[in-house]
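User: I have a structure to go through with you. Can you pull it up and take my questions as they come?

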Amino acid sequence: MRNRIVMLVDLDYFFAQAEETRNHSIRDKPVVVCVYSGRSENSGAVSTANYVARKLGVKSGMPIALAKRKLQNVDAIFLPVDEAFYEGISSRIMSILRDYSDRFEQVGIDEAYLDVSQRTNGSYEEAAGLARRIKDEIVKQHGLTCSVGIGPNKPIAKIAADIKKPDGLTVVRPEQTVEFLSPLPVERLIGVGVKTAEKMRALGVATIGNLAKRDVQGLIDVFGKKLGLYFHNASNGIDEEPVQEREEAESISRISTLKENTRDLSLILEKTNQQCEEIQADLENSGLNFKTVTVIAVMEDLSIRSRSRSLEKNTNRTEVLKGTVNGLFGKFLEEFNLEVRRVGVKVSGLAKDEKSQKQLTSFIKQG
DNA sequence: GTATGCTTTCGGC
DNA sequence: TTACGGCCGAAAGCATAC
């Protein structure tokens with residue numbers, strides 16, 4: 001088979017840029033999009049900031065009060081997140097991207113992989129041209145810039161897109177993959193987290209190039225067959241994971257901040273019951289049921305704890321969800337002595353209602 | 001022994 | 001000087017199954 005060409009399109013500082021498109025007058029100012037928790041005026045965190053704000057030290061996840069401090073002497077714009085607005089822009093851009101691809105895979109609200117092997121006849125030259133047309137069209141239609149990475153597979157396309165931001169376009173041809181990957185730290189590889197990176201560092205492996213030189217068997221001995229093989233291949237620029245539409249979400253969750261820190265179970269359940277009902281509505285809309293229930297608590301010291309329970313079989317019953325959450329949180333409070341700041345509920349092990357019905361029916365018939 | 005699944009934590013955006 | 005979201009999938013680490 002000829003060259004596979006994968007493109008990763010990443011919308012730049014998406015929420016803040018979306019805000020810029022509906023109010024051009026803020027473009028040259030620091031723009032900070034925030035999640036306000038409602039506790040006090042500035043309680044909450046920064047979701048995204050534009051590059052003007054980033055240059056002044058504002059980062060995603062930072063407390064709003066700290067961002068304000070960093071921007072106290074400048075004319076900065078602080079805005080609350082407007083997810084419905086961003087979702088609308090995202091879905092229109094995603095359908096543009098889908099039209100430009102042979103195969104398409106959206107990742108999150110602002111990123112997508114495009115397999116463009118066929119329509120470019122395996123030509124990186126053509127792929128780069130296609131990327132420019134895509135960038136032009138997104139600017140024309142929606143006034144947004146994006147950063148694009150092009151490579152022979154998903155990991156390389158993703159890493160390439162990170163090389164130049166914002167408004168970047170980075171092409172890594174198959175014959176360049178080794179020199180491209182070699183100097184990069186292992187953490188850039190998808191699947192290498194802090195712990196794995198530490199393990200690798202202990203083996204004297206700091207860069208992807210170091211990793212590529214290790215023998216496969218040694219990696220398999222340390223990381224197991226699956227991961228060992230993956231590290232060996234990916235570090236050598238090889239990855240066969242196809243670009244394909246994602247299935248249904250794997251989990252649905254809600255988390256929110258309490259008015260005050262508490263250890264009062266009934267106050268907690270008041271909040272989690274609301275969350276259960278919202279999750280229930282989502283489940284009904286998508287015809288899904290769940291296997292596992294998780295409760296999440298962010299303590300007063302901001303440490304995060306969770307407890308989960310898998311049910312014997314999938315269900316979509318609200319009473320089961322609320323009851324399980326109740327039980328988990330009751331036990332949880334016995335285990336920890338800190339006050340709780342934020343609470344959340346998550347369901348996972350999702351399955352289609354109809355499908356499980358059919359399976360159940362045929363199982364009963366067989367029996 | 002490896003694969004798989006479950007629970008908990010981590011980290012990106 | 002402190003300050004602190006919401007949601008997701010990935011990773012880690014262990015238990016159990018095969």
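Analyst: Here it is. Keep in mind that this is a predicted model. One contact to start with: the side chain of threonine 170 comes to 3.4 Å from the backbone oxygen of alanine 160.

User: Where does threonine 170 lie?

Analyst: Threonine 170 is part of strand 8.

User: Is threonine 170 buried or exposed?

Analyst: Buried. Its relative accessibility is 14%, and the cut-off for buried is under 20%.

User: Now the loop between helix 6 and strand 8. Which residues there should I look at?

Analyst: Proline 166 is one of them; the loop runs between helix 6 (154-163) and strand 8 (169-171). Aspartate 167 is in that loop too.

User: Start with the proline. What is the peptide bond from lysine 165 to proline 166, cis or trans?

Analyst: Cis. Omega is near -5 degrees.

User: And what is phi of aspartate 167?

Analyst: Near 55 degrees. That is a positive value, and the residue is not a glycine.

User: How exposed is aspartate 167?

Analyst: Partly exposed. Its relative accessible area is 40%.

User: Which side chain meets aspartate 167 in a salt bridge?

Analyst: Lysine 135. The N to O distance is 3.0 Å. Lysine 135 sits in helix 5 (residues 124-142) and aspartate 167 in the loop between helix 6 and strand 8, so the salt bridge ties together parts 32 residues apart in sequence.

User: Lysine 135: buried or exposed?

Analyst: Buried, with 11% relative accessibility.

User: How many salt bridges does the structure hold?

Analyst: 17. The general idea is that side chains of opposite charge can pair when their charged atoms come close.

User: What does glutamate 20 pair with?

Analyst: Arginine 27. The closest N and O atoms of that salt bridge are 3.4 Å apart. Glutamate 20 counts as buried, at 2% relative accessibility. Arginine 27 is partly exposed, at 32%.

User: How far apart are glutamate 319 and arginine 317, N to O?

Analyst: 2.4 Å, in a salt bridge between their side chains. Glutamate 319 is partly exposed, with a relative accessible area of 49%. Arginine 317 is partly exposed as well, at 47% relative accessibility.

User: Which residues are linked in a network of salt bridges?

Analyst: Asp10, Asp162 and Lys165 are. Lysine 165 also begins the cis peptide bond to proline 166.

User: Back to backbone angles. What about tyrosine 13?

Analyst: Phi is about 25 degrees there, positive although the residue is not a glycine. Tyrosine 13 is in the loop between strand 1 (6-11) and helix 1 (14-22). It counts as buried, at 13% relative accessibility.

User: On to the DNA. How many residues surround DNA strand C?

Analyst: 28. The closest are Gly191, Thr196, Ser253, Ile255 and Arg341.

User: Which elements supply at least two residues of that surface?

Analyst: Strand 3 (44-49), helix 3 (64-70), helix 8 (194-202), strand 9 (251-262) and strand 12 (340-348). Strand 9 gives the largest share, seven residues.

User: How do the residues near DNA strand C divide into nonpolar, polar and charged?

Analyst: 11 nonpolar, 11 polar and six charged.

User: Of the DNA atoms within 4 Å of the protein, what percentage belongs to sugar or phosphate?

Analyst: 66%. The rest belong to bases.

User: What about serine 253 and a phosphate oxygen?

Analyst: An N or O atom in the side chain of serine 253 is 2.4 Å from a phosphate oxygen of DNA strand C. For serine 43, the corresponding distance to a phosphate oxygen of that strand is 3.0 Å.

User: And what does serine 47 contact?

Analyst: A base nitrogen. A polar side-chain atom of serine 47 lies 3.4 Å from it, on DNA strand C.

User: Last topic: the surface. Which residues form a nonpolar patch?

Analyst: Val52, Leu56 and Val74. Together they have about 200 Å² of accessible area.

User: Where is valine 52, and how exposed is it?

Analyst: Valine 52 is in helix 2 (residues 51-55). It is partly exposed, with a relative accessible area of 31%. Patch residues need over 30%, so valine 52 qualifies at 31%.

How values were computed: Residues numbered from 1 in each chain as written. Chains lettered and ligands numbered in written order. Predicted model: local features only at pLDDT ≥ 70, side-chain atom pairs only at ≥ 80, totals over all residues. Heavy atoms only, no water. Patch = residues over 30% accessible without salt bridge, like charges linked within 9 Å, V, L, I, M, F, W, Y side chains within 5 Å. Areas by Shrake-Rupley, 256 points an atom, 1.4 Å probe, with all protein chains shown as cover. Salt bridge = Lys/Arg side-chain N within 4 Å of Asp/Glu carboxyl O. Helix = DSSP H or I, 4+ residues; strand = E, 2+ residues; numbered from the N terminus. Buried < 20%, exposed > 50% of the residue type's maximum accessible area, 1.4 Å probe, protein only. Near = heavy atom within 4 Å. Polar contact = N/O pair within 3.5 Å; in protein donor to acceptor, adjacent residues only side chain to side chain. Nonpolar A, V, L, I, M, F, W, Y, C, P; charged D, E, K, R; others polar.
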